[in-house]
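Here's a quick briefing on the chain below. Have a look at the fold first, then run through the points.

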Amino acid sequence: MKLMNKKTLAVVGIAGTLLAMSACSTTPTTETTAKPTGVGKAQAVQSVDLNRYAGKWYEIARLPMFFQRNCASDVTATYTLQPTGKVEVNNQCMGKDGKPMQSIGEATKNGDSSSKLKVTFLPQALRWLPVGKADYWVLDLDPNYTHALVGTPNQKYLWILSRTPTMDEDTYQTMVATAKSQGYDVSKLQKTVQNSR
């Protein structure tokens with residue numbers, strides 16, 4: 001697969017950075033500032049084994065962030081645990097122009113919890129800055145680590161993930177119901193086209 005050139009990567013990185021900065025600097029997504037849009041409030045699972053969580057996930061549906069607006073299909077996220085304990089985040093999709101897109105970031109634990117992470121797509125040299133980091137909470141995770149529900153605690157963004165490009169309808173509806181019970185507006189969920197079936 002041919003990946004984006006450096007100029008295109010820079011544009012995607014800047015877009016992701018602006019989004020993360022606006023999400024975290026001007027509207028902090030913490031438990032105390034979250035404004036529920038539905039029934040309850042976002043609740044992360046108790047813990048996540050990051051070694052088991054690592055690997056490739058296929059996006060099944062999303063409440064998308066701004067930088068995903070140009071993703072047409074085949075959205076994946078690959079997490080690689082680093083020796084430092086940080087996690088490399090490799091997001092890829094097929095763009096509306098038919099060309100592959102990629103953005104690489106980094107996730108770190110938010111405090112002691114492995115189910116609450118901070119993710120940044122800032123350039124490596126700027127990741128020490130106290131801005132540009134977005135909340136990434138694992139809201140639901142099956143015992144076999146084959147399906148995951150991930151969102152931001154302000155209930156604006158949500159992702160339903162699977163280890164395979166498809167998900168059976170019962171599992172999907174269960175995850176949608178969980179998201180709804182935590183206050184996410186599931187009426188705006190967008191299903192993702194996955195061509196690698």
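**Fold and contacts**

Residues 24 or more positions apart make up 56% of the chain's contacts (heavy atoms within 4.5 Å) with a separation of 6 or more. Keep in mind that this is a predicted model, where local features need pLDDT of at least 70, side-chain atom pairs count only at pLDDT 80 or more, and totals for chains, interfaces and linings use all residues. Numbering runs from 1 along each chain as its sequence is written, and side-chain values use heavy atoms, with hydrogens and water left out.

**Confidence**
- Mean pLDDT (the predictor's confidence in each residue, from 0 to 100) is 79 for the chain, with 73% of residues at 70 or more.
- Over residues 1–37 pLDDT stays under 50, and the model has 56 contacts beyond four places in sequence for that stretch.
- Where pLDDT is low, the predicted coordinates shouldn't be read in detail.

**Layout and surface**
- You'll find three helices and nine strands here, taken as DSSP runs (helices H or I, at least four residues; strands E, at least two) numbered from the N terminus.
- Along the sequence, the pattern reads α-α-β-β-β-β-β-β-β-β-α-β.
- Half the story is inside: 50% of the 197 residues count as buried (under 20% relative accessible area, with a 1.4 Å probe and protein chains only).
- About 10,300 Å² is exposed by the chain, 56% of it supplied by carbon and sulfur atoms (Shrake-Rupley method, 1.4 Å probe).

**The disulfide**
- There's one disulfide, going by cysteine sulfur atoms within 2.5 Å.
- Cysteine 71 and cysteine 93 form it, with their sulfur atoms 2.1 Å apart.
- Cysteine 71 sits in strand E2 (residues 71–81) and cysteine 93 in strand E3 (residues 87–95), so the link ties together parts 22 residues apart in sequence.
- The link is left-handed, at -75 degrees about the S-S bond.
- Cysteine 71 is buried at 11% relative accessible area, and cysteine 93 is buried at 6%.

**Nonpolar cores**
- The largest nonpolar core (buried Ala, Val, Leu, Ile, Met, Phe, Trp, Tyr and Cys residues joined through side-chain atoms within 4.5 Å) has 24 residues.
- Val48, Tyr53, Tyr79, Tyr136, Leu141 and Leu161 have the most contacts inside this core.
- Elements giving two or more residues to this core include helix H2 (50–53), E2, E3 and strand E6 (133–141).
- E6 gives the largest share, four residues.
- Beyond its neighbours within four places in sequence, tyrosine 53 touches residues including Val48, Tyr79, Tyr136, Leu141 and Arg163.
- A second, separate core has 17 residues, among them Ala61, Trp137, Met175 and Leu189.
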